[in-house]
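The following exercises concern cavities, overall fold and charged side chains. Each task is followed by a solution in steps.

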Amino acid sequence: MTPRSFLGVRIALVLIAACGPSNPCAATRMRLVRRASQAYVGRWRVTHGDTLTLPEMGDRFKLAELRLDTASVLYRTDCRFRGALLFARPHPETLAVTWFPAPDQALIYGWPAELGPFGGLGAALSGGGDSLQGALLFDSRLGIQVRPGMTAQFVAGRVPPQ
């Protein structure tokens, strides 16, 4: 290959890359991700959940419901899906969150820093897909020390569509 033809190939590759979708939510791979995420989509009511008390904050948190959708949300340079977490404690509250399916689990993000050192939730399907088991993930960057082994786990059942 001559240097001139190599330059032509490089220019062609740059032009092809520039013609790709600028929005990661419009990328072709998101159709596959959306299809793979269907098992997690829906309303999930928490049937068993630990109430987490953080001594530094004094509040007890109790998750009541998760709602996961496949509506796309652009988050920085990534594409995620919309969701919501409904808490029963310390007071009834609904938080808008984003989520993304990872291998064998869904990762749910979006706690405001003022609510605590939470990095999100990790949740996996169980019971043939009619249950969701998960645990709270802590964000060590927020400065609150969490003792090893401290978790807040939950089990949720699918709420039938109405």
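**Exercise 1. The lining of the largest cavity**

How do the residues of the lining of the largest cavity divide into nonpolar, polar and charged?

Solution. The model is predicted: local features need pLDDT of at least 70 and side-chain atom pairs count only at pLDDT 80 or more, whereas totals for chains, interfaces and linings use all residues. Residues are numbered from 1 along each chain as its sequence is written, and side-chain values use heavy atoms, with hydrogens and water left out.

Step 1. A cavity is a set of points, on a 1 Å grid over the protein atoms alone, where a 1.4 Å probe fits but cannot get out; lining residues have an atom within 4 Å of a point. The structure holds 2 cavities of 30 Å³ or more.

Step 2. The largest cavity contains about 160 Å³ of space, a volume being the space filled by probe spheres set on grid points joined across faces, edges and corners.

Step 3. Its lining comprises 15 residues, and D50, L63, F87, L136 and A152 lie nearest the centre.

Step 4. The division is 11 nonpolar, 2 polar and 2 charged (nonpolar: Ala, Val, Leu, Ile, Met, Phe, Trp, Tyr, Cys and Pro; charged: Asp, Glu, Lys and Arg; polar: the others, Gly among them).

**Exercise 2. Elements of the fold**

Identify the strand that gives the most to the lining of the largest cavity.

Solution. Step 1. The protein has 2 helices and 9 strands (DSSP runs numbered from the N terminus: helices H or I, at least four residues; strands E, at least two). Along the sequence the pattern is α-α-β-β-β-β-β-β-β-β-β.

Step 2. At least two lining residues each come from β1 (42–49), β3 (60–75), β7 (118–126) and β9 (153–159).

Step 3. The strand sought is β3, with 3 residues.

**Exercise 3. Salt bridges**

Determine which residues salt bridges with shared partners join into one network.

Solution. Step 1. The whole structure has 3 salt bridges (a side-chain nitrogen of Lys or Arg within 4 Å of a carboxyl oxygen of Asp or Glu).

Step 2. R43 and E65 form a salt bridge at 2.9 Å, N to O. This pair links strand β1, which holds R43, to strand β3, which holds E65, across 22 residues.

Step 3. E65 is buried at 6% relative accessible area, while R43 is partly exposed at 27% (buried: under 20%; exposed: over 50%; partly exposed: in between; 1.4 Å probe, protein chains only).

Step 4. E65 also forms a salt bridge with R45, with the closest N and O atoms 3.8 Å apart, and another with R67 at 2.7 Å, N to O.

Step 5. The network therefore consists of R43, R45, E65 and R67, joined by salt bridges that share partners.

Conventions:
On a 1 Å grid over the protein atoms alone, a cavity is a set of points where a 1.4 Å probe fits but cannot get out, and a pocket is an open set with protein on both sides within 12 Å along at least five of seven lines; lining residues have an atom within 4 Å of a point.
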